Amino acid sequence: TPRIFSGIQPSGGLTLGNYLGAIQRFVDMQDTTEEPPLYCIVDQHAITVWQDPEALRHNTRELAAGYMAAGLDPARSALFNQSRVPEHAQMAWVFNTVARMGWMGRMTQWKDKAGKNAEAASLGLFAYPALMAADILTYHATQVPVGEDQKQHLELTRDIAAKFNHDYGVEFFPMIEPVIEGPATRIMSLRDGSKKMSKSDPSDQSRINLTDDADAISKKFRKARTDPEPLPESYEGLSERPEARNLVNIYAALSGQGVEAVMAEHGGAGWGQFKPALADLAVEKLAPISTEMARLMADPAEIDRILSQGAQKARAIATPILEQTYDIVGLLRD
Ligand code: AQP
């Protein structure tokens with residue numbers, strides 16, 4: 001039976017990229033499977049790079065509020081933070097023994113984040129994909145909605161599952177399916193069309209935060225880097241224009257229209273017309289979410305209660321799968 005798992009790191013505030021590439025997709029998918037989906041706040045992934053403890057607590061709760069404000073119903077899913085379900089870390093240790101150093105070293109996220117000084121990066125950052133495989137496989141999840149940047153990690157998850165099954169001669173872990181669809185699988189920075197929009201980009205101008213007010217959203221889109229040409233008549237005409245294409249993709253994802261429909265409506269428009277239209281649309285879609293997030297954040301105890309309940313639901317699935325894994329590997333347990 002299909003089961004959905006996905007997660008987001010509380011490594012900063014949510015961006016429009018996280019919303020369109022991940023959360024909105026989670027909401028769309030929440031009624032597509034019989035099994036309740038698992039939506040996780042991956043706090044143990046976040047600490048692979050330094051996080052201020054107080055900020056981490058705040059960002060974890062704010063991310064929970066973001067999920068719910070965008071329409072995730074904690075009654076129909078398991079919404080929880082990773083560290084509340086110790087099975088993730090326990091399974092990750094087993095996978096650390098399955099995954100090979102060479103596989104990890106080839107991950108582009110590792111290379112990007114470790115940068116030139118890999119010697120100084122944390123061991124956790126290197127092992128990140130093994131924990132991610134554990135997040136997914138500890139539930140025997142099959143469907144994993146993510147943005148384009150996570151594709152390589154999901155392929156590694158398949159490699160880990162296949163090697164485990166092969167080494168122990170079992171058909172235990174399923175082959176997962178990445179779900180990377182729609183116009184928003186890779187939203188780019190507003191300052192640089194070759195970089196993805198990211199929570200941890202030092203420039204706040206590079207991204208739209210879900211907590212930005214109408215004024216900030218309008219200003220950021222107005223100042224977004226573009227070329228001077230007006231929009232072409234068809235989407236194909238954007239193939240060599242990454243910044244312009246990015247803004248069209250954002251418009252399409254926010255409006256729920258296909259990219260060709262956006263071009264039919266706005267083809268030929270100059271930036272003086274298209275940018276304000278985009279800003280208005282973004283404000284219309286995001287303002288209710290940020291208002292609801294602020295309302296939910298006023299009661300952190302309630303958020304903690306929801307996360308704790310979500311973790312109980314998740315553990316009910318994870319515990320027996322971890323126990324079977326231990327049995328397969330030969331680890332004695334009670
Ligand atoms: N720019 C993006 N466009 C589309 N999808 C995106 N995602 C992230 N950025 C974009 C998707 O959001 C989910 C959660 O991502 P994450 O928080 O686990 O880590 P990330 O991909 O590393 O995101 P950030 O925002 O760039 O965080 P930092 O700066 O901490 O690394 C994933 O499904 C991701 O694909």
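This is a short tour of the structure, stop by stop, with something to select at each one.

Before you start clicking, keep in mind that this is a predicted model, in which local features need pLDDT of at least 70, side-chain atom pairs count only at pLDDT 80 or more, and totals for chains, interfaces and linings use all residues. Residue numbers run from 1 along each chain as its sequence is written.

**Stop 1: the two domains**

Colour 5-179 + 299-329 as domain 1 and 204-295 as domain 2; these bounds come from an automatic or database domain assignment. Put a centroid on the C-alpha atoms of each, and the two centres sit 30 Å apart.

Now select where they meet. Eleven residues on the domain 1 side are in contact with ten of domain 2, contact or touching here meaning C-beta atoms, placed from the backbone, within 7 Å. On the domain 1 side of that meeting, α1 and α3 (53-69) are the elements that give two or more residues. Helix α3 has the largest share, with four. Helices and strands on this tour are DSSP runs (H or I, at least four residues, for helices; E, at least two, for strands), numbered from the N terminus. By class, this side of domain 1 has seven nonpolar, three polar and one charged residues. For those classes, Ala, Val, Leu, Ile, Met, Phe, Trp, Tyr, Cys and Pro count as nonpolar, Asp, Glu, Lys and Arg as charged, and the others, Gly among them, as polar.

**Stop 2: the ligand**

Centre on the ligand and show what surrounds it. You should get 22 residues, with G17, G21, G147, S198 and S200 the closest; a residue makes the list if its C-beta atom, placed from the backbone, lies within 6 Å. Which helix gives the most to this shell? That is α1 (residues 16-29), with four residues. Colour the shell by class and you'll see six nonpolar, twelve polar and four charged residues.

**Stop 3: residues 10-18 and G13**

Select 10-18 next. An unreviewed UniProt entry annotates this stretch as "short sequence motif: 'HIGH' region"; such annotations may be inferred rather than shown by experiment, and the positions are given in the numbering used here, with feature names shortened. The stretch is 33% helix and 0% strand, with 11 Å between its end C-alpha atoms.

Within it, pick G13, in the loop between β1 (5-8) and α1. Is G13 buried or exposed? It is buried, because 20 other C-beta atoms lie within 10 Å. The scale goes like this: 20 or more other C-beta atoms within 10 Å is buried, 12 or fewer is exposed, and in between is partly exposed, with C-beta atoms placed from the backbone. Leaving out residues up to four places away in sequence, G13 touches N59, E62, K199, N209, L210 and T211. For a long view, draw a line from G13 to G267: 254 residues apart in sequence, and 33 Å apart C-alpha to C-alpha.

**Stop 4: M29**

Follow helix α1 to M29. This residue is partly exposed, since it has 17 other C-beta atoms within 10 Å. Beyond residues up to four places away in sequence, M29 touches I4, P37 and P145.

**Stop 5: D135 and H140**

Jump to helix α7 (residues 123-137) and pick D135. The unreviewed UniProt entry marks D135 as "binding site". D135 is buried, because 26 other C-beta atoms lie within 10 Å. Its contacts, not counting residues up to four places away in sequence, are F5, G7, C40, V42, Q82 and H88.

Then step into the loop between α7 and β4 (143-145) for H140. Check the backbone here: H140 has a positive phi of about 50° although it is not a glycine.

**Stop 6: the nonpolar core**

The largest nonpolar core has 88 residues, and L38, F95, A133, I136, I160 and I250 touch the most other members. A core is a set of buried Ala, Val, Leu, Ile, Met, Phe, Trp, Tyr and Cys residues joined through C-beta atoms within 7 Å. This core draws at least three residues from each of the two domains. Show I160 with F95, V98, A99, A130 and A133, which it touches, not counting residues up to four places away in sequence.

**Last stop: F221**

Finish on helix α9 (residues 214-223), where you'll find F221. F221 is buried, with 23 other C-beta atoms within 10 Å. Outside four places in sequence, F221 is in contact with K275, L278, A279 and A282.

Methods
Two residues are in contact if their C-beta atoms, placed from the backbone, lie within 7 Å.
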